[in-house]
Amino acid sequence: MKITIKKALFQRMLSRVQGFTEKRVTLPILSHILIETYDESVTGKKGIKIKATDLHISIQMKTECTVMEEGACALSAKGLSDMIRELPDADLFMQTEENTRVKITVGNYMFNLNIMDPEEYPMIEFSDLSLSAKGGDKDVFSIDPLVLKSMIDRTIFSIPTPSEEESKYALGGALLVSHTDEKEKSATGGKANYIEMVTTDGRRLSLARHKIQEAIDMKDGIIIPRKGLHELKRLIDTTPVVSAIDDGTDKSLSAKGGAEILLTRDSIYFKSSDTIATVRLIDGEFPDYSSVIDLEEYPIYTKIYAPKLLSALKVCSTIVSEVSNSAKFDFKRDTTVVYANNPEQGDVEIPIESEHHGDAIGVSFNPRYLIECLSMIDGDAIIRLVNEEGPCLIMACPPETDFDSPPEAEWVIMPMRF
Amino acid sequence: MDAFYASVEQFLNPNLKGSPVAVGGSGSHAVVSAASYEARAFGVHSAMPLRQAVRLCPGLVILPVRMNLYRTFSKRIMAILLRYTPEVEPVSLDEAFLDVTGSCLMYGRPFDIASSIKNAIKTETGLTASIGSGPNKFVAKLASSMGKPDGLIVVSPDDVIAFISPLPIEAIPGVGKKTSIHLHSMGINTIGQIRISNKDLLKRHLGSYGGVLWDLSHGIDMTKVEPFKQRKSISHEVTLDDIIYDIKDISPVLAELSLVVGTSLRALHLFARCVQVKFRYKDFSLHTRQTMMPVAINGDSDIFSVSYDLIREHCSFTKGIRLIGVTCSHLSALRQSSFYDFDTKVERLYNKIDKLRARYGMHTVVPGVMLYPKRKDLPRGSL
């Protein structure tokens, strides 16, 4: 293989695919990326494809570049991108030497890097899905990438990280499910349809909801793994890599880079002009969460300005001890008092004006859990409660005009108890 | 308290009064836990192997350790101390610091308070106590050690330097073998000699502890009396009978340690967010590794799996393990509750297990891994 490519372009591609590699060393080839040349006989275009996979999530990026000699090589993703980052912006020349080494030259910098046999690289299947398939096959759905991204943003933090994954309840992923509200009528007179993304680590639950025009039937829903969500979000955030039109206005992604998200029974796909990525779904059963978000279970509620409570909690966190990890909330008629103490440091008490309905109540929570969801709310928040030992449900205060439609996001947090 | 465990035994069995008594474990490797002053006259001291103690003192009366009994006495003594001030910091079963700054108006000078306490302990428990008084904890501790047995020494602020200067460096609590060898090599043998040495030089040789020593030698100790200090950690460790080279052989030991630590945690209604393992290789090098958990735990099996992961990840078994320990810290009575009733079920289960263990012994209910056939015997927990 012998190619020349712009270093800046190559670097952008590397940073995009790097997250798809496997960092643990169980199978060394998975920490590598595969670079291979392509030659489209129809268009006469030549260039390279960069592939990365950890066997669960996979990506392939494609770009045109000068190909002097066809071929392929597998390079350590981290080693390569760490090195490329430091180089000046110029043409990057790359040539393999007998499948054992690759020579990389940028300006007067020259490197020889060890490579692995491209034959050993796992085959990645990117089945040729397209939106047109949607009509024919009922099992293929599409979602607006920006909708998916905003749902990920509002829920990803309550998926347990691999280190805190404990036993049965930690699925390590988010449920994506469709939902039709039988009672509510949409503007067009039909039933209102939603898709929901739900995550939980057993101690808190996050739910993001989006109204869709057309009903889709996702059955029991699909579970997208955490790492996949993270990479999908990054892809959506950074698309398009090579921007065709980008005048800064907030257009939908599809308009910008032609990106789309497609769902099937077993995978979720990201497609844009130069990138295709797949995320294998988790096979499992998501715990039943319907009773947790049933508003009738929460007789007490407080209305409070979210940014104020958020900043109070951030102050509290500076003093919350690692030991107890909790802040006390006293919900009273017209104030909410947040209190945190740390035997080694001192204590802090912050009253915030609020509007409480129901009995006064005191509950302790891990402040980090509240901070993560309150930062998603711009205006007033509604905090619903059961009792001292029950969960709390947080949502943005719905506008007066639309009090009945379900909120765009809900968070349920279990308290600390003695 | 003076020779606390031994004194309690002597008090309960007047026939033992005046004879050399040692309280200690049983078995061939047992050591002396406490020795009466009569036994100390023969050179018997705590931590000495019982066999050696008997050699030194042929008439030595050896009694088994009765921890619950000493605890009862300890509680009664602490209750007496609390009459004089709420500022009581228990250090161990038989030792406590009192801050009587605020009590002088009511009870008189420190000397009056001290003799009143001594009297009360003597008449109400039959045991003798040694009391030292000084402007800070360091001086008070030295004064009480100096006065043993049945002592009462009050050091006024003006006399501090004169009192501590002639004492050997080993008298300073916290100065162990290493530090004392280091200081001796610098030509320093007494606290007075620390006082006249250069503070920076001490710091260079001993690190920040050098500065602390210099302050102490000037009678400066700013640590406060902290009443009923919260437990900071709960730990248990065991020196292995045979060097272990295989993680399979460590599992039953870890299970045992987790069981002991978990039972203690639950007895105190505490949850831990941090688990630390400690291991000593055959070459005596000591290592610790710890992990912070997102949610506090106190179940035996949780502690086991966290410590097992730490050991598996950080311990190189080819080096041979001779000691292993588990410590739970970042303790809190608060815990994060969860959506599932699984946690409550586990809690109820441990509740029952703990009751069984309290009644029929620690090993009534053990995890299967502890029955691994290679284990010759189960190391006994300290409970």
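**Exercise 1. A covered helix**

How many of the 8 residues of helix α8 of chain A are buried? Work out which ones they are, and find what caps the N-terminal end of the helix.

*Solution.* Keep in mind that this is a predicted model.

- Step 1: α8(A) spans residues 367-374 and is mostly covered, with 7 of its 8 residues buried.
- Step 2: The buried set consists of Pro367(A), Tyr369(A), Leu370(A), Ile371(A), Glu372(A), Cys373(A) and Leu374(A).
- Step 3: Now go to the N-terminal end, where Asn366(A) acts as the cap. One of its side-chain oxygens sits 3.1 Å from the backbone nitrogen of Arg368(A).

**Exercise 2. Following strand β4 of chain A**

Find the strands that pair with β4(A), and decide how far β4(A) is enclosed.

*Solution.* Start with the overall chain, then zoom in.

- Step 1: Chain A has 8 helices and 26 strands. Of its 418 residues, 51% are buried. Take the contacts in chain A with a separation of 6 or more: 66% of them come from residues 24 or more positions apart.
- Step 2: β4(A) covers residues 57-64, and 6 of those 8 residues are buried, so the strand is largely enclosed by the rest of the structure.
- Step 3: One partner is β3(A), residues 46-53, which pairs with β4(A) in the antiparallel sense over 7 bridges. Within this pairing, Lys49(A) stands opposite Lys62(A).
- Step 4: Look at how β3(A) and β4(A) connect: they make a hairpin with 3 residues between them. Leu55(A), in the turn, has a positive phi of about 80°.
- Step 5: Another partner is β17(A), residues 275-280, which runs antiparallel to β4(A) and is joined to it by 5 bridges. Here Met61(A) has Thr275(A) as its bridge partner.

**Exercise 3. Taking the interface apart**

Describe the contact between chain B and chain A by its area, its polar links and the elements that build the chain B side.

*Solution.* Area comes up front, then the atoms.

- Step 1: The two chains bury about 2100 Å² between them, and 61% of that is on carbon and sulfur atoms. Leu334(B), Phe339(B) and Tyr340(B) supply 33% of the area that chain B buries against chain A, more than any other three residues.
- Step 2: Count the residues involved: 18 come from chain B and 24 from chain A.
- Step 3: Check for charge pairing, and you get 1 salt bridge across the interface. Arg417(A) forms it with Glu347(B), with the closest N and O atoms 3.3 Å apart. That distance passes the rule, because the cut-off is 4 Å.
- Step 4: Polar contacts come to 5 residue pairs, counting those with both residues at pLDDT 80 or more.
- Step 5: On the chain B side, β10 (286-297), β11 (321-332), β12 (335-336) and α15 (342-360) each supply at least two residues. By class, that side has 9 nonpolar, 5 polar and 4 charged residues.
- Step 6: Finally, check for strand pairing between the chains. Strand β26 of chain A, residues 416-417, runs antiparallel to β12(B) and is joined to it by 2 bridges. Met416(A) stands opposite Gln336(B) there.

**Exercise 4. Unusual backbone angles**

Locate Lys219(A), His269(B) and the cis peptide bond at Pro149(B), and say whether Lys219(A) is buried or exposed.

*Solution.* Recall the background: most residues other than glycine have a negative phi, and most peptide bonds are trans.

- Step 1: Lys219(A) has a positive phi of about 55°. This residue lies in the loop between β13 (204-212) and β14 (222-225) of chain A. Its relative accessible area is 54%, so Lys219(A) is exposed.
- Step 2: His269(B) also has a positive phi, near 55°. Its place is the loop between α13 (247-267) and β9 (271-281) of chain B. At 60% relative accessibility, His269(B) is exposed too.
- Step 3: The cis bond joins Lys148(B) and Pro149(B), with omega about -5°. Pro149(B) lies in the loop between α7 (137-147) and β7 (152-154) of chain B.

**Exercise 5. The surroundings of Ile303(B)**

Decide whether Ile303(B) is buried or exposed, and list what it touches.

*Solution.*

- Step 1: Ile303(B) lies in helix α14 of chain B, residues 300-314.
- Step 2: Its relative accessibility is 0%, so Ile303(B) counts as buried, the cut-off being under 20%.
- Step 3: Leaving out residues up to four places away in sequence, Ile303(B) touches Ser258(B), Val261(B), Gly262(B), Leu265(B), Ile297(B), Asn298(B), Val326(B) and Cys328(B).
- Step 4: Take Ser258(B) from that list: Ser258(B) and Ile303(B) are 45 residues apart along the chain, yet their C-alpha atoms are separated by 5.6 Å.

Notes. Residues numbered from 1 in each chain as written. Chains lettered and ligands numbered in written order. Predicted model: local features only at pLDDT ≥ 70, side-chain atom pairs only at ≥ 80, totals over all residues. Heavy atoms only, no water. Contact = heavy atoms within 4.5 Å. Buried area = accessible area lost by both parts, 1.4 Å probe. Salt bridge = Lys/Arg side-chain N within 4 Å of Asp/Glu carboxyl O. Polar contact = N/O pair within 3.5 Å; in protein donor to acceptor, adjacent residues only side chain to side chain. Helix = DSSP H or I, 4+ residues; strand = E, 2+ residues; numbered from the N terminus. Nonpolar A, V, L, I, M, F, W, Y, C, P; charged D, E, K, R; others polar. Pairing = 2+ DSSP bridges. Buried < 20%, exposed > 50% of the residue type's maximum accessible area, 1.4 Å probe, protein only.
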